[in-house]
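Got the viewer open? Load the model, colour it however you like, and follow along one selection at a time.

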Amino acid sequence: MHNASKYDSICQKINHWQFSNGTASLLCLVAIAKELRQGLIAINYPSRKFGLTRHVNITEAKKLCPNLIMQHVATWKEGDEKWAYHDDAAKNIATHKVSLDPYRLESRRILSCIKETLPADMQKVEKASIDEVFMDLSAQVHSILLERYPELSGPAPYDDPTECLPLPPTTALDWQADALVDLDIDETEEDDPDWDDVAILIGSEIVRDVRKAVRDKLKYTCSGGIAQNKMLAKLGSAHKKPNQQTVIRNRAIQMFMSDFKFTKIRGLGGKLGDQITSAFNTDTVKDLLPVPMEQLKQKLGDDTSTWVYQIIRGNDSSEVNSRTQIKSMLSAKSFRPSINTPEQAHRWLRIFSADIYSRLVEEGVLENKRRPKTINLHYRHGQATKSRQAPISQGKKIDEAALFELAKTLLGQIILEGRVWPCSNISLSVGGFEDGVQGNMGIGAFLIKGDEAKALSSNARESSRTESGQERPEKRRRLEATSGIQKFFTKTDSTEEHDDEFGAHDLPGISPSVEGGNAEADEFKMAASPSGYETTKVQQENTVSTGPSALHQHQITDYICSRCNQAIESANVESHQDWHFAKDLQDEENGQRSHHSQATTSKTNKKAGTNTNKKKAARDRPEKGQKKLAFG
């Protein structure tokens, strides 16, 4: 079950409110129009009775409707922080840029009102354009059907799922003021309704409530179309306007479609529609229906012919996309006359940046709800179009100045290529929107500052004094070896301050072992260590210490290394064992080198000693002809 709702004349009513100082009613014989290039781009329904259309210019419109009142759309101009209605906008088209923000804002209000009217768990709404939405009412209609007709919840007749449902108990359906499309030729209103008709009726009731809510809350009228798919619903929403809804029952689809030109169907109004019109010399659905599939394939190809064959018979399988958030934002200007200098282009880029940023604020960029990832610049010189794209930093705040600097950089890249003047059109856009990360905190949120930090520090000092009973002795720095294997290991200090002498030797009141009977109090031994390294766990219950060197020991539950008598946290036992193991390997290696060095030195000393003795003996021996005197 699908519905297409089209808001009646948002542009006209907004402009009329602006002109008539907030009055909610439309004046008869007054065309609310927007003057741009001497043309009318929106006309209200009372004025259309005079033959006014968007294709006539201002001069012709005034001849057809002498009481015509024209209201120019809101515009941006350089230096403005927000769009506004300028009295001289029509005279300054070359320096003002049209703003569609008033219509976007009202469109969002209407969309929000529609969603509020529907059940929270059954909202499937697609924003098709600024003044049109699609609603998939299937789930809500099914829920209401089961409430009104409980027999539908029971088992299938004869327990056969293929068995047809019994006819609805209601023989006459109240369509109220809905515009019903005439039934097909072989159908009559006297025929009993089927469940399809009942479902369509419930859908029309829901749409009627939605339209009433929009009218009551926002003073806008809406037209609606109710049918089994999106394509039929859209055609139905424009069938009876303004402020009406059209119901297209399944039994009336062929009659409804046969009166249309197929160029009115979405997807068949462009080049494809022209191709079909040229190939078959017709633009009506009624004349195209008899064309067989094979002939369509010859003219249009397999895929296109299959789609056209189904669509002109009212079959559309496209689904309602519940995503209603925008995917990109564009701000553009065509220059007449063209601009010829970078300074002129920069002025317009500043306006584009302000325009886009104001819409980003509405989208929630300040609250980090959504933000774009890329920025694009398109530039037209004669028949040539150039474009540049750049990423938007996700770690920086988006503001008007940042967008302008990015745009100016992209323009500079294009200008460097040369041959870019005069310029007839520039457009700036942002896209790649994604949801912002919520709940993140900066590092400052984890820090305590000011009076709170002072109070916390003071409380901590007082608590420490209370526990120790006296001031904590000043901590002395332990000098660690900075060479050898020690530099490859870092020892983790305890989270509590302690004296450096703690664990350096047996402390008073601390026993290297604890009594048995508790598995956690048993002696801890390292099985992997070749040196039989072991540590002993010290429990708080067994700590009885006195003297200043034992302060705060009752707060620490460590292991005492039996080799170096150092206090070790339980989490660092294995690391400390590895250190001793590596130290033993180093000592062993150093020992071998030392032994080799001593052996070499010994041999050298022996040789040196022998030579020395020989020299000494030679010196002691008397020369020839002399003799050694003996003294008493």
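With the whole chain selected, think about contacts first: among those with a separation of 6 or more, 64% join residues 24 or more positions apart. Keep in mind that this is a predicted model. Switch to cartoon and you can go through 16 helices and 22 strands. Now add a surface: the accessible area comes to about 37,600 Å², and carbon and sulfur atoms supply 50% of that. Of the 632 residues in the chain, 38% are buried.

**Stop one: Leu152.** Select Leu152, in the loop that runs between α5 (138–148) and β10 (179–180). Is Leu152 buried, exposed or partly exposed? Its relative accessible area is 23%, so it counts as partly exposed, given that buried means under 20%. Show its neighbours next: leaving out residues up to four places away in sequence, Leu152 touches Leu145, Leu146, Leu165 and Trp195. Try a distance label on one of these pairs: Leu152 and Leu165 sit 13 residues apart along the chain, and their C-alpha atoms are separated by 8.3 Å.

**Stop two: helix α6.** Trp195 is one of the contacts of Leu152, and helix α6 covers residues 195–218, so select that range. How far apart are the end C-alpha atoms of α6? They are 35 Å apart, which agrees with the 34 Å that its 24 residues should span at 1.5 Å a residue. Turn the surface back on and you'll find α6 mostly covered, with 17 of the 24 residues buried. Step just past the helix to Lys219, where phi is positive, about 70°.

**Stop three: α11 and α12.** Select 293–300 for α11 and 302–311 for α12; their axes are 7 Å apart and the packing angle is about 135°. The two helices are therefore oblique to each other, and α11 passes α12 in a right-handed crossing. For the contacts, show side chains: on α11 you want Met293, Leu296, Lys297 and Leu300, which meet a set in α12 including Thr304, Val308 and Tyr309.

**Stop four: α13 and α14.** Next, pick residues 342–363 (α13) and 400–416 (α14), which pack at about 140° with axes 9 Å apart. That makes α13 oblique to α14. The crossing of α13 past α14 is right-handed. Residues of α13 that meet α14 include Leu349, Ile356, Tyr357 and Leu360; on the α14 side, look for Leu403, Phe404, Leu411 and Ile415, among others.

Definitions and conventions. Residues are numbered from 1 along each chain as its sequence is written. This is a predicted model: local features need pLDDT of at least 70, side-chain atom pairs count only at pLDDT 80 or more; totals for chains, interfaces and linings use all residues. Side-chain values use heavy atoms; hydrogens and water are left out. Helices (H or I, at least four residues) and strands (E, at least two) are DSSP runs, numbered from the N terminus. Buried means under 20% relative accessible area, exposed over 50%, partly exposed in between (1.4 Å probe, protein chains only). Contact means heavy atoms within 4.5 Å. The expected span of a helix is 1.5 Å times one less than its number of residues. Accessible areas come from the Shrake-Rupley method with a 1.4 Å probe; for residues, only the protein chains shown count as cover. Axes are lines fitted to C-alpha atoms, for helices over the stretch in contact, and angles run from 0 to 180 degrees between N-to-C directions. Angles under 35 degrees count as roughly parallel, over 145 as roughly antiparallel, 65 to 115 as roughly perpendicular and the rest as oblique. A crossing is left-handed if the near helix is turned anticlockwise from the far one by less than a right angle, and right-handed if clockwise.
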